Amino acid sequence: MRLLLAEDELALSKALTAILERNNYSVDAAYDGQEALEYLEADNYDGIILDIMMPKVDGITVLKEIRKRGNLIPVLLLTAKSEVDDKVLGLDAGANDYLTKPFNSRELLARIRAMTRTQAAQANSQLHIGNVVLDRATYELSTPSGSYRLANKEFQMMEMLMSNPKNLISSERFMEKIWGYDSEAEINVVWVYISYLRKKLAALHANIQIKAMRNAGYTLEEIV
């Protein structure tokens with residue numbers, strides 16, 4: 001699941017990103033409201049964690065703009081403000097939930113799960129191709145021979161492949177969707193993770209395989 005974190009306090013942003021990634025979320029970080037809107041224009045997210053007090057464009061304005069565009073993405077507001085009027089303002093502007101700083105990381109994670117639950121429930125929790133099943137709820141890749149619980153980026157790559165069987169997915173597309181625009185990772189990291197997945201599929205005696213097309217990308221196909 002991919003989240004956009006819009007928080008201008010650098011230390012807090014880094015801490016929250018680390019917490020979220022440890023809990024199997026993929027995170028893009030924006031440090032002002034204008035940047036957050038640009039991220040939202042460029043890509044799709046499963047939820048947004050949005051600080052109210054941000055430079056350039058404040059969080060409430062960002063939220064109103066999101067809803068004005070007809071985007072129903074779940075939004076959790078973060079703020080140092082605790083007055084009832086501020087909470088009402090944020091919720092009336094279209095927020096799904098509201099969390100006041102300082103907060104416990106376990107509560108943050110619980111609120112993210114709660115606000116994204118409806119969206120997640122709408123999607124089929126399992127993908128099936130050949131004798132392989134990928135469970136979106138548990139990150140489990142399985143066949144009748146056994147199962148592996150995938151790491152975060154392994155899961156996201158496998159989900160992309162199984163959601164687009166026989167479709168060519170370029171390394172650049174994997175980088176953009178999983179590592180994000182600001183990643184310092186080299187593009188050969190895609191090949192490394194493809195290698196991990198191939199080994200797991202082989203160990204599970206899967207009847208699907210990841211094929212590479214030189215200088216083009218990867219496809220997922222059943223073994224004939």
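# Rings, helices and turns in a predicted model

Biologist: How does Tyr196 count at 39% relative accessibility: buried, exposed or partly exposed?
Modeller: Buried means under 20% relative accessible area, exposed over 50% and partly exposed in between, with a 1.4 Å probe and protein chains only. Tyr196 has 39%. Therefore Tyr196 counts as partly exposed.

Biologist: What kind of model is this, and how are residues and atoms handled?
Modeller: Residues are numbered from 1 along each chain as its sequence is written, and side-chain values use heavy atoms, without hydrogens and water. Local features need pLDDT of at least 70, side-chain atom pairs count only at pLDDT 80 or more, and totals for chains, interfaces and linings use all residues, for the model is predicted.

Biologist: Which helix holds both Tyr193 and Tyr196?
Modeller: Helices (H or I, at least four residues) and strands (E, at least two) are DSSP runs, numbered from the N terminus. The two tyrosines are three residues apart, about one turn of the helix. Both lie in helix 8.

Biologist: How do the rings of Tyr193 and Tyr196 pair?
Modeller: Rings of Phe, Tyr and Trp (its six-membered ring) pair if their centres lie within 6.5 Å; planes under 30 degrees apart count as stacked, over 60 as edge-to-face and the rest as tilted. For Tyr193 and Tyr196 the centres are 5.3 Å apart, with 70° between the planes. The pair is edge-to-face.

Biologist: Which residue joins Tyr193 and Tyr196 in a cluster?
Modeller: Ring pairs build this cluster. Besides the two tyrosines, the linked residue is Trp179.

Biologist: How far apart are the end C-alpha atoms of helix 8?
Modeller: The expected span of a helix is 1.5 Å times one less than its number of residues. Helix 8 has 15 residues, 189-203, so it should span 21 Å. The model agrees, with its ends at 21 Å.

Biologist: Over the face of which ring does Lys200 lie?
Modeller: Lys200 is one of the buried residues of helix 8, which also include Val189, Tyr193 and Leu197. A charge sits over a ring if NZ of Lys or CZ of Arg is within 6 Å of the ring centre and within 35 degrees of the ring normal. Here the distance to the ring centre is 5.6 Å. The ring is that of Tyr148.

Biologist: What is the phi of His205, the residue that follows helix 8?
Modeller: His205 sits in the loop between helix 8 and strand 10 (208-213). At 56% relative accessibility, His205 counts as exposed. Its phi is positive, in a residue other than glycine, and near 55°.

Biologist: How many aromatic pairs are there, and which residue pairs with Tyr139?
Modeller: The count comes to four pairs. The pair with Tyr139 is stacked: 4.0 Å centre to centre, 10° between the planes. The partner is Phe155.

Biologist: How many residues apart in sequence are the parts tied together by Tyr139 and Phe155?
Modeller: Tyr139 lies in the loop between strand 7 (132-135) and strand 8 (140-143), and Phe155 in helix 6 (residues 152-163). Tyr139 is buried at 8% relative accessibility, and Phe155 is buried at 2%. The separation is 16 residues.

Biologist: How many of the twelve residues of helix 6 are buried?
Modeller: The end C-alpha atoms of helix 6 are 16 Å apart, which agrees with the expected 16 Å. Helix 6 is mostly covered. Its buried residues include Asn152, Phe155, Met158 and Leu161. The count is nine.

Biologist: Is the crossing of helix 6 and helix 7 left-handed or right-handed?
Modeller: Axes are lines fitted to C-alpha atoms, for helices over the stretch in contact, and angles run from 0 to 180 degrees between N-to-C directions. The axes of helix 6 and helix 7 (residues 171-179) come within 10 Å and cross at roughly 125°. That makes the two helices oblique (under 35 degrees is roughly parallel, over 145 roughly antiparallel, 65 to 115 roughly perpendicular, the rest oblique). A crossing is left-handed if the near helix is turned anticlockwise from the far one by less than a right angle, and right-handed if clockwise; this one is right-handed.

Biologist: Which residue between helix 6 and helix 7 has a positive phi of about 70°?
Modeller: The residue is in the loop between these helices. At 65% relative accessibility, this residue counts as exposed. Although not a glycine, it has a positive phi: it is Lys166.

Biologist: Is the peptide bond from Lys101 to Pro102 cis or trans?
Modeller: Pro102 is in the loop between strand 5 (97-100) and helix 5 (105-122). Omega is near -10°. The bond is cis.
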